[in-house]
4 protein chains.
Amino acid sequence: MDTPIQFQIQTGSPEPIYRQLMEQLRRRVAAGQWKAGQELPSVRELAGLLAVHPMTISKAYGLLEAEGLLQRRRGLSMVIAAGHERPAPKAERIERLRPTLERAAAEARELAIPKQQVLDLLARLLDDEGKPR
Amino acid sequence: MDTPIQFQIQTGSPEPIYRQLMEQLRRRVAAGQWKAGQELPSVRELAGLLAVHPMTISKAYGLLEAEGLLQRRRGLSMVIAAGHERPAPKAERIERLRPTLERAAAEARELAIPKQQVLDLLARLLDDEGKPR
Amino acid sequence: MDTPIQFQIQTGSPEPIYRQLMEQLRRRVAAGQWKAGQELPSVRELAGLLAVHPMTISKAYGLLEAEGLLQRRRGLSMVIAAGHERPAPKAERIERLRPTLERAAAEARELAIPKQQVLDLLARLLDDEGKPR
Amino acid sequence: MDTPIQFQIQTGSPEPIYRQLMEQLRRRVAAGQWKAGQELPSVRELAGLLAVHPMTISKAYGLLEAEGLLQRRRGLSMVIAAGHERPAPKAERIERLRPTLERAAAEARELAIPKQQVLDLLARLLDDEGKPR
DNA sequence: GTGGTCTAGACCACA
DNA sequence: GTGGTCTAGACCACC
């Protein structure tokens, strides 16, 4: 009973789409939400779903394969590579989150927003998270 | 007794330098830390301090001027434009912080890090803020 | 059957090239001669045609994008942004012309040229417009 | 009974102030409104009146002197140079106006404003001209 | 001294 | 192919 493999992208964002895809996948695998053996949507299928150029998907898949996170199987379909059966240690996952939080902290300070209000807002956003966007 | 105008940049970051400068200045002005009439470091001076090309600074200044945040004075260095004497309302500043926190929340969820641990880490980073760097 | 997007610049003019391009585009769009969705010549192509440095074109395009008049499409050339399907109201277009005419009127008065002769010359220039150059 | 020597400047304009002064003087002299021997306000006086830096006035005067339009007299005061007793021929003055009208015509065409409306507006502005601004 | 414009050219990122 | 960023450096205009 695996979490289905679905990606969320923001086309307006300055972060390139292929990189959004890669980051999402890396995080889900690190969290153990997506596991070794799970099959990914085909390039064309995902491109259709997200309404982006197939080459964009292909680039993300290719880089993840080179990185060892994905594995290309006989025909064409990709799966999460072996060796990713279990979540990464929690400490490591927290480390991965740190840069984004550091950035948030720096911005909050530049905006002179009191600590507690920053934490309140983040708490609310973490609760909301379950909701569909 | 104004906060002196100083910029911090990260040359390795994917975010372009000129945009880092713009964002920082926008936030400091919104926070009321830098105020209308304050004089900015000259293009050449800042370029020297940050060890970047003067045109990079000039681009940031020029865009901020087009935006109405800075004001050019013929033959003199630029100043924060009139109309920015007071901080933006706190609600508005919090809105500006929201996207970054939203992103952090999304990443935390993808990494399956429990809410409290995320908040703890951010709290710690907000405390550190004053000292290091 | 759109008017093709072509720019005319004067390299000798005190008005910077990138600004000439911006003004021309703004006016053509306001006039409804160039419309939302029309594709602009690529930076390199236009730079070649006008024999200027690509960065000069890029600067004009970038500023117009910040202004909302152009729209960037990743990996593709830029287009006139949505929301500019119809010409601006005639009254607004006339207002845009007013500063230049005001200047002309002031100069004519300083030169003590009779009103009718000024109007005659302008009428002639407006007629010529289609042909030369 | 000469027209008094008074200058109008626009500090917001992209045209540099010293050049505005030069152009105005050249046109008034060409029109015969200001004549040989008339005394100009002193640099400091005019700088005070217009609220600009004395060096700006000084630059304009200096260039006009080099050009032969102004003449420095014994003490310090400047006068319109000899040889400018009579207006320039009307044809020449009209030629001087042409570039500004050409520009107006080009803009009107880009804005797709009908010829008659352009002429009407200019006519109105030429009538207004007498009024103080 | 200030900022602005432009060129030449390298290198990156995206589709 | 597309646009973007940055550097190096020249030259101008203004005060």
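Which side chains meet in a salt bridge at 2.7 Å, N to O? In this predicted model, the partners are Arg27(A) and Glu110(B). The rule finds 6 salt bridges across the interface of chain A and chain B. Polar contacts there number 14 residue pairs, with both residues at pLDDT 80 or more.

On the side of chain A that touches chain B, two or more residues each come from α1 (17-30), α4 (90-110) and α5 (115-128) of chain A. The largest share, 17 residues, belongs to α4(A). By class, this side has 20 nonpolar, 15 charged and 4 polar residues.

Chain A and chain B each bring 39 residues to the contact. About 4400 Å² is buried between them, and carbon and sulfur atoms give 66% of that area. Within chain A, the most area is lost to chain B by Arg27(A), Glu110(A) and Leu111(A), together 16% of what that side buries.

DNA strand F is surrounded by 23 residues. Ile17(B), His53(B), Met55(C), Arg72(C) and Pro16(D) come nearest. Sugar or phosphate accounts for 70% of the strand F atoms within 4 Å of the protein, and bases for the rest. Several side chains approach phosphate oxygens of strand F through an N or O atom. For Tyr18(B) the distance is 2.9 Å, and for Ser42(C) it is 3.2 Å. A polar side-chain atom of Tyr18(D) lies 2.7 Å from a phosphate oxygen of the strand.

Elements giving two or more residues to the surface near DNA strand F are α1 (17-30) and α3 (54-67) of chain B, with α2 (43-50) and α3 (54-66) of chain C. The largest share, 3 residues, comes from α3(B). This surface divides into 10 nonpolar, 9 polar and 4 charged residues.

Methods:
Residues are numbered from 1 along each chain as its sequence is written. Chains are lettered from A and ligands numbered from 1 in the order in which they are written. Side-chain values use heavy atoms; hydrogens and water are left out. Contact means heavy atoms within 4.5 Å. Buried area is the accessible area (1.4 Å probe) that two parts lose on being put together, summed over both. A salt bridge is a side-chain nitrogen of Lys or Arg within 4 Å of a carboxyl oxygen of Asp or Glu. A polar contact is a pair of N or O atoms within 3.5 Å; within protein, one must be able to donate a hydrogen and the other to accept it, and residues adjacent in sequence count only if both atoms are side-chain atoms. Helices (H or I, at least four residues) and strands (E, at least two) are DSSP runs, numbered from the N terminus. Ala, Val, Leu, Ile, Met, Phe, Trp, Tyr, Cys and Pro count as nonpolar, Asp, Glu, Lys and Arg as charged, and the others, Gly among them, as polar. A residue is near a molecule or strand if one of its heavy atoms lies within 4 Å of it.
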